[in-house]
Amino acid sequence: MRSLPEADFGMPDIRSPLRYLWWNARAQAPALLGGIGFATAWWLLQALVPAVLGKGIDAVTAKDTDALLTWSAIMLVIGMLQAFTGIMRHRMAVYNWLAAAYRTVQVTARQAARLGATLPKRVSTGEVVSVGNSDISHIGNSMEVLPRGTGSVVAIIAVTVILISTSLPLGLLVMFGVPLMAVAIGPLLKPLHRRQKAQRDLMGELSTRSADIVAGLRVLRGIGGEQVFAARYREESQGVRHAGVNVSKIESLLEGAQILLPGVLIAVVTGIGASFAIGGEITTGQLVAFYGYAVFLIGPMRTLTEVADKVTKGHVAARRVVRILSIEPEVSGGTGTSDGGVLRDSYSGVTVQPGILTAIAAALPEDAIAIADRLGRYADGDVTFGGADLARLPMAEIRERILVADNGARLFTGRLRDELDVRGDASGERVEQALYAACAEDIVEALPDGLDALVAEAGREFSGGQQQRLRLVRALLADPEVLILVEPTSAVDAHSEARIGERLAKARVGKTTLVCTTSPLVLDRADHVLYVENGRVLAEGTHRDLLATSPEYTTTVTRGED
């Protein structure tokens, strides 16, 4: 049921993944700056530990008790501060991850609501599902790692300055060694980016395939096509697995580089520092400090590699999000007004008079669906509503006043009462009346908890006919000014169809209703019937008049039978 009002959600005008990540960072700038501050302090406090430890060793060597106690006290204070900043850094990291991830969920969901019927035409189900399954995690990781990455850069600079002030050759070695390691990792990022994109695309296609299989499982079982589709799914899943293996090959090289390159630098710095200590150029405490710095640098340098990896993944994930955000609705509204009245589609000639039950019987079902889409402003068309051009009315007003209910609508997980009364303002009597009009009382009575029963995903516990009747209940409870129903009884038995036709007419008496159907049982209850052929009205009148005067109409509604 396509009834969600469209509104201006203030969507960002973003056309590139980098701009999306930058927009996300700006949206949570205070939290990111706080995270950077705590992460920087946390890294710097760790960077001071080797220096303080070296001073303490020199105090032991010099047998200076006062100096040893002083440096021990300083080490205690540093440890306490490091614990505090570490806790706060982690808290800010979790906050930044959640903020970025769920902001992506919000803008994607709002864009989906804004696009409405345009979204499934332009983007596959699997691609949208992949955003919620994996992309939000990668975007959150890219925001979470930025403070640690910034702090690690500051820590490396601070250690380099300390080393240069203590020993110029060792300081220069570290200063040039770290950028060289970053350059050595660079060639791995481009193929990683390419393979991750290929894997994401395959995962989206596989998600679409699985959604299609689940949605059509009853049909597949009926025609014996389960094995065929299972084989296709197996083949595509193997493709995803191979793509994942290709990604892991590059990631394993990155992990190896995180250990190998810092290890080489540590070995070189420690070796040169040991030679300086033997030559008397530095003290024993300074040698221990140099070794501590060399070991400490593993953390910041691994963090920089992690930054490159997570930002790359975030860039790939942002590309999918940006693709959805860049889609524009096929139709838009204006700022006009309308007092309501006659709803007319100029192309087909369909005219829906206010306050009566009108029916469209089309030779081709596609023609009726196209007319319903134009009348409901889901497709462009020359449509007037009470003399006003429908295209000039605000979309939110159109969605509020004109409701198109088709068989593509879904039931969502939750309490059945909430699924039927989406606005939550219907009285118990109104709910009972709608259930009666849709012949759905037996569905509720069969449930142990009645209207309080929980509906499974997509209402899979209900048959096709039961889902159709429940969708009709939901449409009736919405009680719009104009209700357009597309084949509302196609999946129910003839007895129920006859009762629905009679009760629907009574439930909507005095209200504007259009039913697209070829069921004689429903058409006989309509006040006015329009017969459409080749997209245009060919004949109109009551059902019985058309049976007597229009052979084409008779053939369509009786399926060629006497």
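**Group meeting talk: a cavity, some rings and a few loops**

Okay, let's start with the largest cavity, where helix H16 (464-478) and strand E9 (482-486) each supply at least two residues of the lining. Before I go on, this is a predicted model, in which local features need pLDDT of at least 70 and side-chain atom pairs count only at pLDDT 80 or more, while totals for chains, interfaces and linings use all residues. Residues are numbered from 1 along each chain as its sequence is written, and side-chain values use heavy atoms, with hydrogens and water left out. Helices and strands here are DSSP runs numbered from the N terminus (H or I with at least four residues for a helix, E with at least two for a strand).

Back to the cavity. The structure holds two of them at 30 Å³ or more. By cavity I mean a set of points on a 1 Å grid over the protein atoms alone where a 1.4 Å probe fits but cannot get out, with lining residues having an atom within 4 Å of a point. The volume is the space filled by probe spheres set on those points, which are joined across faces, edges and corners.

So how big is the largest cavity? Its volume is about 80 Å³. Eleven residues line the largest cavity, and the closest to its centre are Ala405, Asp406, Gln468, Arg471 and Leu472. H16 gives the largest share of the lining, three residues. By type, the lining divides into seven nonpolar, two polar and two charged residues. In that split, Ala, Val, Leu, Ile, Met, Phe, Trp, Tyr, Cys and Pro are nonpolar, Asp, Glu, Lys and Arg are charged, and the others, Gly among them, are polar.

If you want one lining residue to click on, try glutamine 468, which is in helix H16. At 3% relative accessibility, glutamine 468 counts as buried. That word means under 20% relative accessible area, while exposed is over 50% and partly exposed is in between (1.4 Å probe, protein chains only). The C-alpha atoms of glutamine 468 and threonine 489 are separated by 7.1 Å, with the two residues 21 apart along the chain.

Now, rings. The structure holds five aromatic pairs. Take phenylalanine 38 and phenylalanine 84: their ring centres are 6.3 Å apart and their planes are at 75°, so I'd call that pair edge-to-face. Phenylalanine 38 is in helix H2 (residues 29-61) and phenylalanine 84 in helix H3 (residues 65-115), so the pair ties together parts that are 46 residues apart in sequence. Both partners are partly exposed: phenylalanine 38 has a relative accessible area of 24%, and phenylalanine 84 comes in at 47%.

Next up are tryptophan 43 and phenylalanine 296, with centres 6.0 Å apart and planes at 70°, so that's an edge-to-face pair too. Tryptophan 43 is in H2 and phenylalanine 296 in helix H9 (residues 284-296), so here the parts tied together are 253 residues apart in sequence. The cut-offs: rings of Phe, Tyr and Trp (its six-membered ring) pair if their centres lie within 6.5 Å, and planes count as stacked under 30 degrees, edge-to-face over 60 and tilted for the rest. Buried or exposed, that tryptophan 43 and phenylalanine 296? Both are buried. Ring pairs also link Trp42, Trp43 and Phe296 into a cluster.

Trp42 has another partner as well: the charged end of arginine 89 sits over its ring, 4.5 Å from the centre. For that I need NZ of Lys or CZ of Arg within 6 Å of the ring centre and within 35 degrees of the ring normal. Elsewhere, the charged end of arginine 399 sits over the ring of tyrosine 378, 3.9 Å from its centre.

On to helix H14 (residues 428-437), where Val431, Ala434, Leu435 and Ala437 are buried. These residues cover an arc of only 165° around the axis, which puts them on the same side of H14; the arc is that of the directions from the helix axis to the C-beta atoms. Turned away from that buried side, the other face of H14 carries the exposed residues Glu429 and Glu432.

Just before H14, the loop between helix H13 (416-420) and H14 holds aspartate 421, which counts as buried at 9% relative accessibility.

Last stop, backbone. Most residues other than glycine have a negative phi. Aspartate 479, not a glycine, has a positive phi of about 50°. Aspartate 479 is in the loop between H16 and E9 and is partly exposed at 34%. Glutamate 487 also has a positive phi, near 45°. You'll find glutamate 487 in the loop between E9 and helix H17 (494-507), partly exposed at 23%.

Note on methods: 1 Å grid on protein atoms, 1.4 Å probe; cavity = no way out; pocket = protein on both sides within 12 Å on 5 of 7 lines; lining within 4 Å.
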